[in-house]
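Student: Could you show me how to read strand pairing and pockets in a model like this one?
Tutor: Happily; let's take them one at a time.

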Amino acid sequence: MRNPKLAWATSVCALIGLAACGAPKQPDVAESRNDAAAPMVASPEAEEAPQTANAMNVATAASAPQRLSCAADIGSAAAAERVKLCRNVSPATHPPCNAANSCALIEDEIARSCALFDGKGDPMPGCDPAPKSMAAAIAVVQRYYAAINARDYGTAWAQWGDDGPPNQTLQAFQAGFANTRTTRVTIGDVEPGSAGAGSIYQTVPVTVDSQLENGTVQRFAGDYIVRRVNDVDGASPGQLRWHIGQATLKAVPAR
């Protein structure tokens, strides 16, 4: 379950200059983000095709910058394969399974569906990595940055769980990424996770390289803590999935 005691890594916020770092402090989870994408003019088809990750995202979809579609990102044929898998595993009416959406949103729906049916009969074809595996935890961080690079801030926001990052609205989250052109995340050596208080925690070390719109190159290094509830009775499907619980990044010299 989400720990109600949460805190912000304000020193990192000062380094990165995020718009939302004035949120009130609460203990236990230090959260920081890279300013990671520049808004663009909204696509005229944004209201029709790209879908968002939750109700809050829907409310802000009209003001969201243009998302990079999966078809444009990886090509129509590859996107069609991901959409096909998404439709095979998803119990939804398939709005997320659309090549006009970001690849991150499609992958998130695949992961959500695979986790929803995990342990209920034979594993569904295409559910790889296994929903409870270390690889699935790492995929959350990779999906987070893929969503940011696609300007799909709703899907990135949702990688923190159903309520997004602590004490931060989707609008504030999106505003924090206004000045960055591109980012690239590199995953470091990952050690087996740990368990405690009904949850499982997986540390994912990262190096994040970004370029601002003014050409400035930045590098940040640190850890994401990805967590999920350990099959506790009464836990929601969202709590049973891996989601980001904490991030601590520090600026380091860019190469």
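**Strands, then a pocket**

Tutor: Start with one pair: Tyr201 stands opposite Arg227 in β6. This is a predicted model, where local features need pLDDT of at least 70, side-chain atom pairs count only at pLDDT 80 or more, and totals for chains, interfaces and linings use all residues. Residues are numbered from 1 along each chain as its sequence is written, and side-chain values use heavy atoms, leaving out hydrogens and water.

Student: Which strands pair with β6, and in what sense?
Tutor: Two strands pair if DSSP finds at least two bridges between them; strands are DSSP runs of E, at least two residues, and helices runs of H or I, at least four, numbered from the N terminus. Here β5 (residues 199-212) is antiparallel to β6 over 13 bridges. Nine bridges join β6 to β7 (residues 243-252), also antiparallel, with Phe220 opposite Ala251 in β7.

Student: Why is β6 described as largely enclosed?
Tutor: Buried means under 20% relative accessible area (1.4 Å probe, protein chains only). Ten of the 13 residues of β6 (residues 217-229) are buried, so the rest of the structure largely encloses this strand.

Student: What lines the second largest pocket?
Tutor: A pocket is an open set of points on a 1 Å grid over the protein atoms alone, where a 1.4 Å probe fits, with protein on both sides within 12 Å along at least five of seven lines; lining residues have an atom within 4 Å of a point. This one has 21 lining residues, with Glu107, Ala111, Pro129, Ala139 and Arg143 nearest its centre. α5 (103-116) and α6 (134-149) each give two or more residues to the lining, and α5 gives the most, seven.

Terms used
Buried means under 20% relative accessible area, exposed over 50%, partly exposed in between (1.4 Å probe, protein chains only).
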